[in-house]
Amino acid sequence: MKAQSVRFKARSADAMANPVLQRNLGRFATGGLGKLRADAVAAYGSQAFEDLREAAKAIRDRSLASLDVWIAQFEQEAVRRGATVLFAETAEDARDLVLEICRRHDIRKAVKSKSMLSEEAGLNEALAEAGVQPVETDLGEYIIQLAGEAPSHIIAPAVHKSRDEVSDLFEQHHGTPRKTDIPQMTREAREALRAHFLSGDLGISGGNFLIAETGSGIIVTNEGNGRMVTTLPRVHVCITGIEKVIPTLEDLSTLLRILPRSATGQAISNYASFFTGVRGEADAEGPEHMYFVLVDGGRTNLVGTDLQDMLRCIRCGACMNHCPVYGAVGGHAYGWVYPGPMGAVLTPAYVGLEEALDLPQAATLCGACSVVCPVKIPLPDLMRTLREKQVERGLRPESERVGLRLWSWFAQHPKLYALATRIAVRVMRWHADKAGMIYWMPFASGWVGSGKAGEGRFLPAPAGKTFRELLAARRRGP
Amino acid sequence: MCADVHGTGDATLAANPLSAQPIHPMRVGLLVTCLVDMMRPNIGFAALDLLESAGCSVVVPEGQTCCGQPGWNSGDRESAKALSEKLIAEFADCPWVVAPSGSCAGMVRTHYPELFRDDPLMREKARALAGRTWELTDFLANVAKVHAVPGRFSGTLTYHDTCSGLRELGVKAQPRRLLAMLPGAKLQEMTGCETCCGFGGTFAVKFSEISTLMADQKCENIAASGADAVVLGDLGCMLNIEGRLRKRGDATRVLHIAEVLAGDTGDTGEASGAGR
Ligand code: SF4
């Protein structure tokens, strides 16, 4: 998928100007997944949950510390059980591998359960071009596939769509009378998808985790589509990032306790589907051919760097569910596969710093993401690190660099600083109206915005004297 | 260095009725913060009054300017380092350092040590200062352990938890405990009191529209609470919230927690600062 992240500002402006989207986002913010998570944490016990976060972090750190070892073990175990393990350096390589698999097995239709890596690779377009019909079977992914859009959230891909919009899409694509009752609509989608499950000859899934000790992959879903995708078609491809390997099933049991609670507030997801090798002689179901496509896509570049913490990510979505910027602009504004705080780190890391200059900047560093992250990724610190890299590489505007340097220089010279601030507060005072508000700021026009009511704010004017002046006066006595 | 430019002597202490710490006065260096110095000196005086009435002997190191947070958050580590070294030296002699700001106290406490990854000596100094630095309400409630505050307020207040104070320093119960000591004040919590107001330093300027939208949500929640005033502990966020409230034509007062607790909620301006 080609990143559009350089256009963050324009895309977020569009999002904020779209009343339907704003309504959908508002509903998400107030009644959404954040509340469900909070309830789940309370039910689990907040201290116990903190301990669980610590344990989950430790597992992910241990996995990453010897990533090569676990990957090698995973490969050995998976191959022993009849699977093929392929490695792709880039998402494009992964796409080519999947196309090659399609050719080898004469694939006509691919049924898919959710895979963010398939988005990174732009797999659907490539499959369609190669004459393979891709069918998304996760309800949210199915909806946005009908709409011809990209996901706007990693676990709730169609969260930006209202029921009405979905009703229209179903009417148009299913050719049935328009329905607005949600159970009826899901029933209709299920019926439409059933035929695809039965006629699909390739199943494509992501992988939430890969387990080194057994060579298994696992996906966590709520709809059961993942199980169909991984068992019904004669060929199954699991495409996921190499960083998803964890050592043992024991580790998985910890992560499975924290992932659904963080994501949707569920104690456990409806399905946790394991896939281990090909169908055995005694097995009633399962694929004849099983492939794991493990993608690097920039991941190993982060190992051993100050961004390595990001690789702990277990793709729960909690950071975006709690992000006020995501809540204001939605997922599409971020312009690539991963939105919200995790995307603000992953996009520059995987696609390139220059391709996503605004993303690490478009955050107040409020920290709401890092306190909910199940694997304790210090997302604001990582955004700050990326901001540092931008400065080091000379990617910030000259005016910003000069402004900061000037401020810092004055602040290092207290006498001059005192004089400059004395002048500044007086100038500001003069510019204030009777109510003590400033409307016009030549060097920080973003603060006041344009003159329109919807934009910017006034600046409450300063008192007219600095604290240090007033304190000196107070010491001298009345 | 930490020159005693504004100290209270031991004598005032023995008779201090508001503090549980009658024996030795705690020597506190007031970290005024650059925003308070320029934009609302009243907050500095309110903090000073509160610390003194809690029995502390307060010094205000003279050359202090800025803690370096703008550089740190903008990826300019060098300027953040330079300013932190300056501040560390200025407050070296202060057994306690108190700031009327969650984000500046958070800068010193959580980020100063990180600044000196490769300089063990400075890192030690930074750590030591971090361990002695407190956000004002945290200090009053948990260190000075005050049982009463000088202010009074008649009306309803709602409290906005500012991000750094809340998430970096765990400032949540402290201001509420102190507000509960205010005669006449009633606390009415708003929805989303922990949600960021959209300030974020330069974010408010760089991403004006997103910031405004976030501030609008905050303003709506403040209005819905029906409170007479919104109280918070960071001036940056105050300027953002007050500026947006006024632009919306909403006259709800925006007060710093220090102003409310000190009973110094008169018009901001030199009159309230200098006229004591
Ligand atoms: S960064 Fe943390 S909170 Fe965000 S998706 Fe990854 S694991 Fe979840």
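## Exercises on the domain pair of chain B and on A:Asp306

The centres of domain 1 of chain B and domain 2 of chain B, taken over C-alpha atoms, are 22 Å apart. The model is predicted.

### Exercise 1

Describe the extent of the interface between domain 1 of chain B and domain 2 of chain B.

**Solution.**

1. Begin with the bounds: the domain assignment of chain B places domain 1 at 4–142 and domain 2 at 155–271.
2. Next, take the contacts. On the side of domain 1 of chain B, 27 residues are in contact with 27 residues of domain 2 of chain B.
3. Then consider the area. About 2200 Å² is buried between domain 1 of chain B and domain 2 of chain B, and carbon and sulfur atoms give 62% of this area.
4. Finally, assign the leading contributors. Of the area that domain 1 of chain B buries against domain 2 of chain B, 28% comes from B:Arg40, B:Asn42 and B:Thr137, more than from any other three residues.

### Exercise 2

Identify the polar links across this interface, and the helices of domain 1 of chain B that touch domain 2 of chain B.

**Solution.**

1. Count the salt bridges: there are two between domain 1 of chain B and domain 2 of chain B.
2. Examine the pair B:Glu242 and B:Arg40, whose side chains form a salt bridge with an N to O distance of 3.2 Å.
3. Extend the search to polar contacts, with both residues at pLDDT 80 or more: 14 residue pairs are found across the interface of domain 1 of chain B and domain 2 of chain B.
4. Locate the helices. In chain B, H2 (34–39), H3 (41–53), H6 (102–115) and H8 (136–143) each supply at least two residues of the side of domain 1 that touches domain 2.
5. Rank them: H6(B) gives the most to that side of domain 1 of chain B, with eight residues.
6. Sort by class. The side of domain 1 of chain B that touches domain 2 of chain B holds 13 nonpolar, ten polar and four charged residues.

### Exercise 3

Determine whether A:Asp306 is buried, partly exposed or exposed, and state which residues it touches.

**Solution.**

1. Place the residue: A:Asp306 sits in the loop between strand E10 (289–295) and helix H14 (318–321) of chain A.
2. Apply the cut-offs. Partly exposed lies between under 20% (buried) and over 50% (exposed); A:Asp306 is therefore partly exposed, at 37% relative accessibility.
3. List the neighbours. Leaving aside residues up to four places away in sequence, A:Asp306 touches A:Leu382, A:Thr385 and A:Lys389.
4. Inspect the side chains: those of A:Asp306 and A:Lys389 are joined by a polar contact of 3.2 Å.
5. Add a backbone distance. A:Asp306 and A:Leu386 are 80 residues apart along the chain, and their C-alpha atoms are separated by 9.5 Å.

Conventions
Residues numbered from 1 in each chain as written. Chains lettered and ligands numbered in written order. Predicted model: local features only at pLDDT ≥ 70, side-chain atom pairs only at ≥ 80, totals over all residues. Heavy atoms only, no water. Domains from an automatic or database assignment. Contact = heavy atoms within 4.5 Å. Buried area = accessible area lost by both parts, 1.4 Å probe. Salt bridge = Lys/Arg side-chain N within 4 Å of Asp/Glu carboxyl O. Polar contact = N/O pair within 3.5 Å; in protein donor to acceptor, adjacent residues only side chain to side chain. Helix = DSSP H or I, 4+ residues; strand = E, 2+ residues; numbered from the N terminus. Nonpolar A, V, L, I, M, F, W, Y, C, P; charged D, E, K, R; others polar. Buried < 20%, exposed > 50% of the residue type's maximum accessible area, 1.4 Å probe, protein only.
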